[in-house]
Amino acid sequence: MTAQYWDDRYATIGGSAVSWFQESPDISLRLIGDVPRDAPIVDVGGGASGLVGALRRAGHSNLTVVDLSAEAINQGLERTVDPASINTLVSDVRDWQPSGQYQVWHDRAAYHFLTDPADQQNYWSKVRASVPVGGTVVIATFAEDGPEMCSGLPITKYSPGDLTAAMGAGFTVVHSEREVHVTPTGGEQQFIWLVAQRTT
Ligand SMILES: C[S@@+](CC[C@H](N)C(=O)[O-])C[C@H]1O[C@@H](n2cnc3c(N)ncnc32)[C@H](O)[C@@H]1O
């Protein structure tokens, strides 16, 4: 999986036609909930999602998107009010060294591309290093009965229990739910969502 691969997907298909496109990030917004408007929020693997744009419109002022595809981030910013206010980092999450703390760590359908256990552990180490006690993780992956691949790439599917175990110590899952995402071509993809709080 390379940045070039993802750039090509976004450039040739278009951010509004990719299988994971959603008109409005309703579940994310609901699960992130009512956090202070100046709380730092990061969308990891945020791509061209409208999430940071929706949060900006709701008055949030400390927003960051991390994604390995510059094309995706640029497409997302084109649809965002006040794009200059969004911090963007073009980086593979495996290489990224977060320098700050995030009150909310959001990831919809990026973590599940990490299929190597070492990369998965590295991801959760990063979450632990950058989400303080009291902070929140909102994460969605393909469910156990979800697709085998995403965007032509292998993924890891999770049950709520699997994903809770992957997080490791320090998190308390406070909510989980399932979603059947309908793709722009009418396909159905089963997702799970977890909300976890950093407790220790
Ligand atoms: C299925 S898309 C989901 C995008 C976005 N979260 C959304 O809900 O629309 C997965 C995203 O993760 C990004 N991605 C995949 N692997 C990544 C990695 N190792 N590091 C950073 N971003 C990655 C891709 O470029 C893509 O934008």
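**Helix α5 and its surroundings**

Let me begin with Ser125, whose place is in helix α5, and please keep in mind throughout that what we are looking at is a predicted model. With 11 C-beta neighbours inside 10 Å, Ser125 counts as exposed, since a residue with 12 or fewer falls in that class. Although Ser125 and Met167 are 42 residues apart in sequence, they are 8.9 Å apart in space, taken from C-alpha to C-alpha.

Now to the helix itself. Helix α5 covers residues 117-130, which makes 14 residues, and it reaches 20 Å from its first C-alpha to its last, close to the 20 Å expected at 1.5 Å a residue. Which residues of α5 are buried? They are Tyr123, Val127 and Ser130, and because they cover an arc of only 85 degrees around the axis, they sit on the same side of α5. As a general reminder, an α-helix has 3.6 residues a turn, so residues three or four places apart point the same way. The face of α5 turned away from that buried side carries exposed residues, namely Pro117, Ala118, Ser125 and Ala129, so that the serine I began with belongs to this outward face.

What, then, covers the buried residues of α5? The cover includes two strands, β4 (104-108) and β5 (136-142). These two strands pair with each other in the parallel sense, over five bridges, and Asp107 stands opposite Ile139 in β5. As for β5, seven of its seven residues are buried, and it is therefore largely enclosed by the rest of the structure.

Between β4 and α5 there is a loop, and in that loop we find Ala109. Ala109 has a positive phi of about 65 degrees although it is not a glycine, and I would set this beside the general background that most residues other than glycine have a negative phi. With 21 C-beta neighbours inside 10 Å, Ala109 counts as buried, the threshold being 20 or more.

Asp82 is a second residue to consider under the heading of backbone angles, its phi being near 55 degrees, a positive value in a residue other than glycine. Is Asp82 buried or exposed? Asp82, which lies in the loop between α4 (70-78) and β3 (86-90), is exposed, with 12 other C-beta atoms within 10 Å.

That loop brings us to α4, where the buried residues are Glu71, Ala72, Ile73, Gln75 and Gly76. These buried residues of α4 pack against α1 (3-13), β2 (63-67) and β3.

Further along the chain, Gly187 is found in the loop between β8 (171-182) and β9 (188-198), and Gly187 is exposed, with 10 other C-beta atoms within 10 Å. Gly187 and Asp119 are 68 residues apart in sequence and, from C-alpha to C-alpha, 29 Å apart in space.

Finally, let me turn to the ligand. How many residues surround the ligand? There are 20 of them, and the closest are Trp6, Gly45, Gly47, Ser49 and Val93. By residue class, the shell around the ligand divides into ten nonpolar, six polar and four charged residues.

To draw the main thread together, α5 turns Tyr123, Val127 and Ser130 to its buried side, with β4 and β5 among what covers those residues, while Ser125 is one of the exposed residues on the face turned away.

Technical notes. Residues numbered from 1 in each chain as written. Predicted model: local features only at pLDDT ≥ 70, side-chain atom pairs only at ≥ 80, totals over all residues. Near = placed C-beta within 6 Å. Nonpolar A, V, L, I, M, F, W, Y, C, P; charged D, E, K, R; others polar. Helix = DSSP H or I, 4+ residues; strand = E, 2+ residues; numbered from the N terminus. Expected span 1.5 Å × (residues − 1). Arc of directions from axis to C-beta. Contact = placed C-beta atoms within 7 Å. Pairing = 2+ DSSP bridges.
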